[in-house]
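Trainee: Could you take me through one part of this model in close-up, the surface charge? I'd like to see how each piece fits with its surroundings.

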Amino acid sequence: MKELCKLKKNELDIHFKKILKIVSKPKFICEKCARVAKDKKYLCNPLPLKK
C-alpha cells in the first residue's frame with residue numbers, strides 16, 4: 001500500500017482495515033499533513049512522536 005499521505009478519498013474504503021492497523025498506536029506523524037502511523041514507511045515526511 002502507498003503512503004497514507006497519497007491515498008485518495010475513494011481508496012480509504014478499499015484499504016479501511018489495513019489503515020486501522022497502521023494508525024493504531026502511532027509512533028510517527030507526517031510533518032506535511034499531520035497524519036499518524038505506527039511505521040514511518042506509511043508517511044511522506046515522518047517525524048517521531050515524542051512521549
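Mentor: Sure, and let's fix the vocabulary before we start: a residue is exposed when its relative accessible area is over 50%, buried when that value is under 20%, and partly exposed in between. Keep in mind that this is a predicted model.

The part to zoom in on is a surface patch of positive charge, where Lys-17, Lys-18, Lys-21, Lys-25, Lys-27, Lys-38 and Lys-41 gather. Let's start with Lys-25, which sits in the loop between α2 (16-23) and β1 (28-30). Its relative accessible area is 73%, so Lys-25 counts as exposed. The backbone has a quirk here too: phi of Lys-25 is positive, about 55°, even though the residue is not a glycine.

Next, go to the loop between β2 (36-37) and β3 (46-48), where you'll find Lys-38. The loop between β2 and β3 also holds Lys-41. The two have their own accessibility labels. Lys-41 comes out at 54%, so it is exposed. Lys-38 comes out at 38%, so it is only partly exposed. Partly exposed is still good enough for the patch, because the cut-off there is over 30% relative accessible area, along with having no salt bridge. As for where this loop lies relative to other parts of the chain, the C-alpha atoms of Lys-41 and Phe-28 are 9.6 Å apart, with their positions 13 residues apart along the chain. Lys-40 gives you another handle: C-alpha to C-alpha, it is 11 Å from Cys-5, and the pair is 35 residues apart in sequence. Cys-5 itself belongs to the segment before α1. With a relative accessible area of 18%, Cys-5 is under the 20% limit and therefore buried.

Now for positive charges that are paired up. Which ones are they? The whole structure has two salt bridges. One of them links the side chains of Glu-11 and Lys-2, at 3.3 Å from N to O. The Glu-11 and Lys-2 side chains also register as a polar contact of 3.3 Å. Glu-11 is part of helix α1 (residues 9-14), and its 17% relative accessibility makes it buried. Its partner Lys-2 has 37%, so Lys-2 is partly exposed. That would clear the accessibility cut-off for a patch, but Lys-2 is left out because it is in a salt bridge.

The other bridge joins Lys-6 to Glu-3, and the closest N and O atoms are 3.4 Å apart. Lys-6 has a relative accessible area of 51%, so it counts as exposed. Again, the salt bridge is why Lys-6 is not a patch candidate.

One last backbone detail, to go with Lys-25. Ala-34, in the loop between β1 and β2, is also a non-glycine residue with a positive phi, near 70°. From Ala-34 you can step across to Leu-47: their C-alpha atoms are separated by 9.8 Å, and they are 13 residues apart along the chain. Leu-47 lies in strand β3, and at 37% relative accessibility it is partly exposed.

So, if you're colouring the model by charge, begin with the lysine patch, Lys-25 and Lys-41 among its members, and then add the bridges Glu-11 to Lys-2 and Lys-6 to Glu-3.

Notes: Residues numbered from 1 in each chain as written. Predicted model: local features only at pLDDT ≥ 70, side-chain atom pairs only at ≥ 80, totals over all residues. Heavy atoms only, no water. Patch = residues over 30% accessible without salt bridge, like charges linked within 9 Å, V, L, I, M, F, W, Y side chains within 5 Å. Areas by Shrake-Rupley, 256 points an atom, 1.4 Å probe, with all protein chains shown as cover. Salt bridge = Lys/Arg side-chain N within 4 Å of Asp/Glu carboxyl O. Lys, Arg positive; Asp, Glu negative; His and termini not counted. Charge placed at Lys NZ, Arg CZ, Asp CG, Glu CD. Helix = DSSP H or I, 4+ residues; strand = E, 2+ residues; numbered from the N terminus. Buried < 20%, exposed > 50% of the residue type's maximum accessible area, 1.4 Å probe, protein only. Polar contact = N/O pair within 3.5 Å; in protein donor to acceptor, adjacent residues only side chain to side chain.
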